[in-house]
Amino acid sequence: GDGVPKDYGRAFELYKQATELGASHAYRNLAVMHLNGEGTAIDLGAAWLSYRKGVELGNEPDPELAERIESGLTAGVRTQVDREFSDWLR
């Protein structure tokens, strides 16, 4: 992206495609984008799900990022993400 304007929406879509192809590092990037609302709406549930998938696939845990996401989760959202994560593991 040198010399061109940042396009967070396009980056978000490319990271989503990369996760579908098995690129574990892309999950962390999606988590950050969901957390910060870059290229998508702020969605802490989606951020937490993306983060957890990335770690499950071998990404190094990032305690600071995990804390930033977890601190804003409600119990209901956490429960929903736990269900989605369990379904994804199957």
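## A tour around helix α3

Helices α3 and α4 cross with a left-handed sense. That crossing is our starting point, and what you have open is a predicted model.

**Stop 1: α3 and α4**

Select residues 44–56 for α3 and residues 63–70 for α4; their axes lie 9 Å apart and make an angle of about 150°. The two helices are therefore roughly antiparallel to each other. Now show side chains at the contact. From α3 you want L44, A47, W48 and Y51, and across from them in α4 sit P63, L65, A66, I69 and E70. Colour these by class and you will find 8 nonpolar residues, no polar ones and 1 charged residue.

**Stop 2: α3 by itself**

Hide the partner for a moment and keep α3 on screen. How many residues does α3 have, and how far does it reach? The helix has 13 residues and extends 18 Å from its first C-alpha to its last, close to the 18 Å expected at 1.5 Å a residue.

Next, pick out the buried positions of α3: G45, A46, A47, W48, L49, S50, Y51, K53 and G54. Which helices do these buried residues pack against? Bring back α4, then add α2 (24–36) and α5 (75–89), and you have the partners in view. The next two stops take α2 and α5 in turn.

**Stop 3: α2 against α3**

Turn to the pair α2 and α3, whose axes come within 8 Å and cross at roughly 160°. With that angle, α2 is roughly antiparallel to α3. The crossing is left-handed. To light up the contact, select S24, Y27, L30, A31, H34 and L35 on the α2 side, then L44, A46, A47, S50, Y51, K53 and G54 on the α3 side. Sorted by class, this contact of α2 with α3 contains 8 nonpolar, 4 polar and 1 charged residues.

Several α3 residues here may look familiar. L44, A47 and Y51 take part in the contact with α2, and L44, A47 and Y51 also meet α4.

**Stop 4: α5 against α3**

Swing round to α5. The axes of α3 and α5 come within 10 Å and cross at roughly 35°. Is this crossing left-handed or right-handed? Here α3 passes α5 in a right-handed crossing. Select G45, W48, L49, R52, K53 and E56 in α3 together with V77, R78, V81, D82, E84, F85, W88 and L89 in α5 to see the contact. By class, this contact of α3 with α5 holds 7 nonpolar, 1 polar and 6 charged residues.

Zoom in on V81, which belongs to α5. V81 is buried, at a relative accessible area of 3%. Leave out residues up to four places away in sequence, and V81 touches G45, W48, L49 and R52. For a sense of scale, draw a distance from V81 to Y8: the two are 73 residues apart in sequence, and their C-alpha atoms are 24 Å apart.

**Stop 5: M33 in α2**

Go back to α2 and select M33. M33 is buried, with a relative accessible area of 4%. What does M33 contact, aside from its neighbours within four places in sequence? Show Y8, A11, F12, Y15, E38 and T40 to see that set. A line from the C-alpha of M33 to that of D82 spans 20 Å, across 49 residues of chain.

From here, step along to G37, in the loop between α2 and α3. G37 has 30% relative accessibility and counts as partly exposed. Its C-alpha lies 22 Å from that of T79, which is 42 residues away in sequence.

**Stop 6: two residues of α1**

Finish on helix α1, residues 8–20, where you will find T19. T19 is buried, with a relative accessible area of 12%. Beyond its neighbours within four places in sequence, T19 is in contact with A26, Y27 and L30. You have already selected Y27 and L30 in the contact of α2 with α3.

K16 is also found in α1. Is K16 buried or partly exposed? At 31% relative accessibility, K16 counts as partly exposed. As a last distance, connect the C-alpha atoms of K16 and N29: the two are 13 residues apart in sequence and 9.4 Å apart in space.

How values were computed. Residues are numbered from 1 along each chain as its sequence is written. This is a predicted model: local features need pLDDT of at least 70, side-chain atom pairs count only at pLDDT 80 or more; totals for chains, interfaces and linings use all residues. Side-chain values use heavy atoms; hydrogens and water are left out. Axes are lines fitted to C-alpha atoms, for helices over the stretch in contact, and angles run from 0 to 180 degrees between N-to-C directions. Helices (H or I, at least four residues) and strands (E, at least two) are DSSP runs, numbered from the N terminus. Angles under 35 degrees count as roughly parallel, over 145 as roughly antiparallel, 65 to 115 as roughly perpendicular and the rest as oblique. A crossing is left-handed if the near helix is turned anticlockwise from the far one by less than a right angle, and right-handed if clockwise. Contact means heavy atoms within 4.5 Å. Ala, Val, Leu, Ile, Met, Phe, Trp, Tyr, Cys and Pro count as nonpolar, Asp, Glu, Lys and Arg as charged, and the others, Gly among them, as polar. The expected span of a helix is 1.5 Å times one less than its number of residues. Buried means under 20% relative accessible area, exposed over 50%, partly exposed in between (1.4 Å probe, protein chains only).
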